[in-house]
Amino acid sequence: MNDVLPLVSGLIGALIGAGASITAQIIQARVQSKRDRIKLIIETAIHDQQHLMNIAVKSGRPTNLMPLPVYVHYHAGMLDLLERDLMTPETLSVLKEQNREIMAMIETTPPRPKS
């Protein structure tokens, strides 16, 4: 019995160590995935806004571009719909309405006083 106890203890310790290592890797992969997703959304939103600005400048017609948070919300919503395979005319309509609400909130929010 005394010979088995160290072996069992060693096996349990190895299992605990391996479990902790695997758990840490899973958590790290999820955090990295979330970071990559946010980076993709923001880069796409910036590119979209710049593209529309370039079109407006080339056409010679000034346009009121939406603030960047509206583009970020739109692209985050689009990516979410794509990932969940829920892109339909109805869901796109909901996303468009949400963007209108965000734009209205931004337009009605008074500027912050300078400190």
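**Close-up views of a three-helix model**

**Figure 1. Gln 49 and its surroundings.** Gln 49 is a residue of helix 1, which covers residues 4-59. The structure is a predicted model. Gln 49 counts as buried because its relative accessibility is 17%, and the cut-off for buried is under 20%. Leaving out residues up to four places away in sequence, Gln 49 touches Leu 65, Met 66, Pro 67, Leu 68 and Tyr 71. One of these partners, Tyr 71, is itself listed among the buried residues of helix 2.

**Figure 2. Helix 1 along its length.** The 56 residues of helix 1 should span 82 Å at 1.5 Å a residue, and the C-alpha atoms at its ends are 82 Å apart, so the expected and computed spans agree. Buried positions in helix 1 are Ile 41, Ala 45, Asp 48, Gln 49 and Ala 56. These buried residues pack against helix 2, residues 68-83. An α-helix has 3.6 residues a turn, so residues three or four places apart point the same way. After helix 1 comes Gly 60, with a positive phi near 75°.

**Figure 3. His 75 facing helix 1.** His 75 belongs to helix 2. With a relative accessible area of 15%, His 75 is buried, since buried means under 20%. Apart from its neighbours within four places in sequence, His 75 is in contact with Ile 41, Thr 44, Ala 45 and Asp 48. Ile 41, Ala 45 and Asp 48 are among the buried residues of helix 1.

**Figure 4. Helix 2 and what covers it.** Helix 2 has 16 residues, which should span 22 Å at 1.5 Å a residue; the distance between its end C-alpha atoms is 22 Å, so the two values agree. The buried residues of helix 2 are Val 70, Tyr 71, His 75, Gly 77, Met 78, Leu 79 and Leu 81. Their cover includes helix 1 and helix 3. At the end of helix 2, the chain continues to Asp 85, which has a positive phi near 55°.

**Figure 5. Asp 85 in the loop after helix 2.** Asp 85 sits in the loop between helix 2 and helix 3, the latter comprising residues 89-108. Its phi is near 55°, a positive value in a residue that is not glycine. Most residues other than glycine have a negative phi. Asp 85 is exposed because its relative accessible area is 70%, and exposed means over 50%.

**Figure 6. Leu 82 and Arg 30.** Leu 82 is part of helix 2. The relative accessibility of Leu 82 is 54%, so this leucine counts as exposed. Its neighbour in sequence Leu 81, by contrast, is listed as buried. From Leu 82 to Arg 30 the sequence separation is 52 residues, and the C-alpha to C-alpha distance is 19 Å.

**Figure 7. Ala 14 and Glu 83.** Ala 14 lies in helix 1. Its relative accessibility is 47%, so Ala 14 counts as partly exposed. Along the chain, Ala 14 and Glu 83 are 69 residues apart, and 37 Å separates their C-alpha atoms.

**Figure 8. The whole chain, for context.** The protein has three helices and zero strands, in the order α-α-α from the N terminus. Its radius of gyration is 25 Å, whereas a compact globule of 115 residues would have a value near 13 Å. Along the principal axes, the C-alpha atoms fill a box of roughly 85 × 45 × 25 Å. Buried residues account for 14% of the 115 residues. Of the contacts with a separation of 6 or more, 53% join residues 24 or more positions apart. The accessible surface comes to about 9,500 Å², and carbon and sulfur atoms contribute 63% of that area. The protein carries 12 positive and 11 negative charges, and the mean positions of the two sets are 9 Å apart.

Note on methods
Residues numbered from 1 in each chain as written. Predicted model: local features only at pLDDT ≥ 70, side-chain atom pairs only at ≥ 80, totals over all residues. Heavy atoms only, no water. Helix = DSSP H or I, 4+ residues; strand = E, 2+ residues; numbered from the N terminus. Rg over C-alpha atoms; globule rule 2.2 N^0.38 Å. Buried < 20%, exposed > 50% of the residue type's maximum accessible area, 1.4 Å probe, protein only. Contact = heavy atoms within 4.5 Å. Areas by Shrake-Rupley, 256 points an atom, 1.4 Å probe, with all protein chains shown as cover. Lys, Arg positive; Asp, Glu negative; His and termini not counted. Charge placed at Lys NZ, Arg CZ, Asp CG, Glu CD. Expected span 1.5 Å × (residues − 1).
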